[in-house]
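Student: Could we go through this one together, asking each time what earns a label its name?

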Amino acid sequence: MRESVVQIPDFHAKQQLFYDSTANRILWGGDTRGGKTAGMKLALIRWCSLIPRLQCDIFRFNLDDVIGSYMQGDFSFPLLLNQWVKDKKVKITEREVRFWNGSLISLEHCSTDAAMLKHQGIPKHVRVFDEAGQIPERRMKWLTGWMVLNEEMKASLPEEFKNKFPLVVHLSNPLGPSKPFLRKTFVKARPKYAIETVGAWRLQYIPCRVDDNPSEDAEQTRLRVSEIADDATARALLNEDWDAQTGNYFAMWDSDRHVCKPLVIPDFWLRFRTYDYGSYEPWACLWWAVSPGVTVHEGTAHERYLPRGCLVCYR
């Protein structure tokens with residue numbers, strides 16, 4: 001059989017770090033234009049060409065978006081795999097990339113529960129949630145539950161990929177309704193790059209910066225995004241800022257200004273509680289005290305003036 005060769009670009013440093021990771025549930029997130037999607041394409045091509053019968057899928061919230069991201073443009077699957085397509089080693093349709101060895105990459109969406117439920121009971125080895133912040137948390141969790149690698153497949157894996165699969169990857173900027181879930185589960189739960197076993201998974205957060213991508217003009221990206229976005233969104237997209245208050249009711253929130261050092265609240269301050277049944281979290285009950293306008297330092301080494309009427313949430 002005639003040899004067929006595809007020239008796949010090399011990984012840049014952060015893409016290589018992702019590819020070599022021993023975690024099997026990863027958030028690769030942060031800045032826009034940091035090379036996440038391009039790195040994911042290269043990784044999937046390598047895994048599928050090296051591992052027979054590897055079953056992979058890529059989810060975005062809308063079907064048109066996932067097709068546009070992976071099947072169109074100058075770094076798409078059809079362009080990267082053009083030679084293998086010509087040599088009939090790979091077959092590409094609108095939503096699938098099928099390799100000669102039985103490996104598969106399919107493009108999916110989960111804009112509705114019905115679209116999500118059709119994947120019930122269908123085992124996959126690699127599942128990618130692209131723009132994960134836009135996909136409802138409940139749907140990502142449910143789809144993650146069907147990731148499985150049977151013993152026959154485990155035994156057939158090349159030595160370098162033992163214990164790597166099944167693999168779940170979240171690609172995301174710090175935006176969207178599922179940002180709190182990603183922030184809580186990956187970003188704030190452990191130091192960057194650290195790998196921690198939680199239940200059935202080894203979790204890791206890999207930060208992404210626009211400077212990670214040598215193929216991108218980082219300065220031009222900063223200028224372009226700064227012109228079209230508000231300050232909070234620009235910080236999220238350009239500074240890997242998961243604390244940026246994008247889409248929040250209180251857009252003026254600033255942790256440096258609105259969070260104080262521990263202090264002892266005097267007994268005579270007015271106190272009250274607020275309660276919310278919640279949606280993202282089950283519920284919240286907050287305990288508040290109202291400052292009469294004093295400098296507080298009782299029982300602590302810290303001193304801070306809290307103006308009259310200032311609300312302090314202490315529990």
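**Cores, cysteines, rings and strands**

Tutor: Let's start inside: the largest nonpolar core has 44 residues, and M40, W47 and F77 have the most contacts within it. Helix α2 (residues 36-50) gives the most to this core, seven residues. Keep in mind that this is a predicted model, where local features need pLDDT of at least 70, side-chain atom pairs count only at pLDDT 80 or more, and totals for chains, interfaces and linings use all residues. Residues are numbered from 1 along each chain as its sequence is written, and side-chain values use heavy atoms, with hydrogens and water left out.

Student: What makes a set of residues a nonpolar core?

Tutor: The members are buried Ala, Val, Leu, Ile, Met, Phe, Trp, Tyr and Cys residues joined through side-chain atoms within 4.5 Å. Buried means under 20% relative accessible area, exposed over 50%, and partly exposed in between (1.4 Å probe, protein chains only).

Student: Which residues is F77 in contact with, leaving aside neighbours within four places in sequence?

Tutor: Contact means heavy atoms within 4.5 Å, and on that basis F77 touches K41, L44, I45, I58, Y70, M71, I92, V97 and I105. There's also a second, separate core of 19 residues, including C110, F186, L203 and Y205.

Student: Why is C56 not bonded to C48?

Tutor: A disulfide is a pair of cysteine sulfur atoms within 2.5 Å. The sulfur of C56 is 3.7 Å from the closest cysteine sulfur, in C48, so that is too far for a bond. The structure holds zero disulfides.

Student: And is C48 buried or exposed?

Tutor: Buried, because its relative accessibility is 0%. C56 is buried too, with a relative accessible area of 0%.

Student: Why is the pair F161 and F165 called tilted?

Tutor: Rings of Phe, Tyr and Trp (its six-membered ring) pair if their centres lie within 6.5 Å; planes under 30 degrees apart count as stacked, over 60 as edge-to-face and the rest as tilted. For F161 and F165 the centres are 6.2 Å apart and the planes at 55°, so the pair is tilted. Both residues are buried, and ring pairs link them with F11, F18, Y19, W28 and W47 into a cluster.

Student: How do you know that β10 and β11 pair?

Tutor: Strands (E, at least two residues) are DSSP runs, numbered from the N terminus, as are helices (H or I, at least four). Two strands pair if DSSP finds at least two bridges between them. Seven bridges join β10 (residues 270-276) to β11 (residues 284-290), so these antiparallel strands qualify. One of the bridge partners is W288 in β11, opposite F272.
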